[in-house]
Amino acid sequence: MAKFSDIKGFVFDLDGVITDTSVFHSQAWHQVADKVGAPWSKKLEDGLKGISRMDSLEMILKAGNLSDKYTDDQKVALATEKNTNYLKLVDQMTPDNILPGIKAFLDEIKDHGYLLSLASASKNAPKVLEKLQLTDYFPKIVDPKTLSKGKPDPEIYLKGAELIKLKPEQCIGVEDAAAGVASINAAGETSIGIGDKQTLKDADINFENTSEMTLANIQKQMA
Ligand code: BG6
Ligand code: MG
């Protein structure tokens, strides 16, 4: 693991880290699974976290042995329907949807001069940040449209570091998904996993929930 004093920036995931939109994503995908007749499980729900829209749909169809049942156009229609339902939930969001301690942590790292970027797989990230009134904290956002591979590939976290002109070793990546932690680790950044220790067992540092994430707590766990 890198030394705490080497760290100059943070690369954040959004859904499930800054705000609990992962619940909204799950709710909207669950509707799709029910519609196509694919079985919904906690394992599938966790496995979808951090995964792009079309790849998520493929995972749901695969779980129901339905991958060949739909044409590409029908798949796009299903994914679009999911997104429409998801955006209805996003529309109701306010800054109250920011997860506990996150605003204070963003202020803390900004005040200490750390650089910040966003590495979310979501094409809706700018809209979610706007609803949370956090747009100004993230002038640098990786555009998922520019990615050739999604999480767990390192590409998104490498771009997150590049956007703030830092080496991966100078960055901490923050994630709630196993695929995201794998992406951070493969990029050579220090990983923080927020949530269940077992699910996120590959993270360098684990916090049960967002309110535990402070610079002092991170420093304690790094040399
Ligand atoms: C990730 C979420 O951040 O973004 C996934 O964890 C989601 O659940 C993915 O599928 C893509 O999001 P969107 O908003 O572009 O469909
Ligand atoms: Mg996430």
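This is a chat about a predicted model of a protein chain with a magnesium ion.

Visitor: Let's start with the metal. Which residues are the protein donors of the magnesium ion (ligand 2)?

Guide: They are Asp13 (OD), Asp15 (O) and Asp176 (OD), and they lie 2.0 to 2.1 Å from the ion. Along the chain, the donors follow the spacing D-x1-D-x160-D.

Visitor: Where do aspartate 15 and aspartate 176 lie?

Guide: Both are in loops. Aspartate 15 lies in the loop between strand E1 (9–12) and helix H1 (21–36), while aspartate 176 lies in the loop between strand E3 (171–175) and helix H8 (178–187), so the pair ties together parts that are 161 residues apart in sequence.

Visitor: Is aspartate 15 buried or exposed? And what about aspartate 176, buried or exposed?

Guide: Aspartate 15 has 12% relative accessibility, so it counts as buried. Aspartate 176 is buried too, with a relative accessible area of 13%.

Visitor: OK, new topic: rings. How many aromatic pairs are there?

Guide: The count comes to five aromatic pairs. One of them is phenylalanine 10 with tyrosine 114, which is edge-to-face, at 5.3 Å centre to centre with 75° between the planes.

Visitor: Which parts of the chain does that pair link?

Guide: Distant ones: phenylalanine 10 is in strand E1, and tyrosine 114 is in the loop between helix H5 (102–111) and strand E2 (115–118), 104 residues apart. Phenylalanine 10 and tyrosine 114 are both buried.

Visitor: Why is the pair of phenylalanine 12 and phenylalanine 138 called edge-to-face?

Guide: Their ring planes are at 80° and the centres are 5.9 Å apart, so the pair is edge-to-face; the cut-off for that label is over 60 degrees. This pair also links distant parts of the chain, with phenylalanine 12 in strand E1 and phenylalanine 138 in the loop between helix H6 (125–131) and helix H7 (155–163), 126 residues apart.

Visitor: And how accessible are those two, phenylalanine 12 and phenylalanine 138?

Guide: Phenylalanine 12 is at 0% relative accessibility, so it counts as buried. Phenylalanine 138 is at 2% and counts as buried as well.

Visitor: Which residues do ring pairs link into a cluster?

Guide: Phe10, Phe12, Phe105, Tyr114 and Phe138.

Visitor: Let's do lysines. What does lysine 82 lie over?

Guide: The face of tyrosine 86, at 4.7 Å from the ring centre. Lysine 82 is in helix H4 (residues 72–91). Lysine 110 has a ring too: its charged end sits over tyrosine 137, 4.8 Å from the ring centre.

Visitor: What's the nearest side chain of opposite charge to lysine 82?

Guide: Aspartate 15, one of the magnesium donors, but it is 7.6 Å away. Lysine 82 is buried yet has no salt bridge. Leaving out neighbours within four places in sequence, lysine 82 is in contact with His25, Ala28, Trp29 and Val32.

Visitor: And lysine 123, is that buried or exposed?

Guide: Lysine 123 is at 51% relative accessibility, so it counts as exposed. It is found in the loop between E2 and H6. Not counting residues up to four places away in sequence, lysine 123 touches Arg53, Pro144 and Lys145.

Visitor: Last one. Which residues in H8 are buried?

Guide: Ala179, Gly180, Val181, Ser183, Ile184 and Ala187. What covers them includes H7, E3 and strand E4 (190–194). After H8 comes glycine 188, with a positive phi near 85°.

Conventions:
Residues are numbered from 1 along each chain as its sequence is written. Chains are lettered from A and ligands numbered from 1 in the order in which they are written. This is a predicted model: local features need pLDDT of at least 70, side-chain atom pairs count only at pLDDT 80 or more; totals for chains, interfaces and linings use all residues. Side-chain values use heavy atoms; hydrogens and water are left out. Donors are N, O and S atoms within 2.8 Å of the metal (3.2 Å for Na, K and Ca); water is not among the atoms, so sites may look incomplete. Helices (H or I, at least four residues) and strands (E, at least two) are DSSP runs, numbered from the N terminus. Buried means under 20% relative accessible area, exposed over 50%, partly exposed in between (1.4 Å probe, protein chains only). Rings of Phe, Tyr and Trp (its six-membered ring) pair if their centres lie within 6.5 Å; planes under 30 degrees apart count as stacked, over 60 as edge-to-face and the rest as tilted. A charge sits over a ring if NZ of Lys or CZ of Arg is within 6 Å of the ring centre and within 35 degrees of the ring normal. Lys and Arg count as positive and Asp and Glu as negative; His and the chain ends are not counted. A salt bridge is a side-chain nitrogen of Lys or Arg within 4 Å of a carboxyl oxygen of Asp or Glu. Contact means heavy atoms within 4.5 Å.
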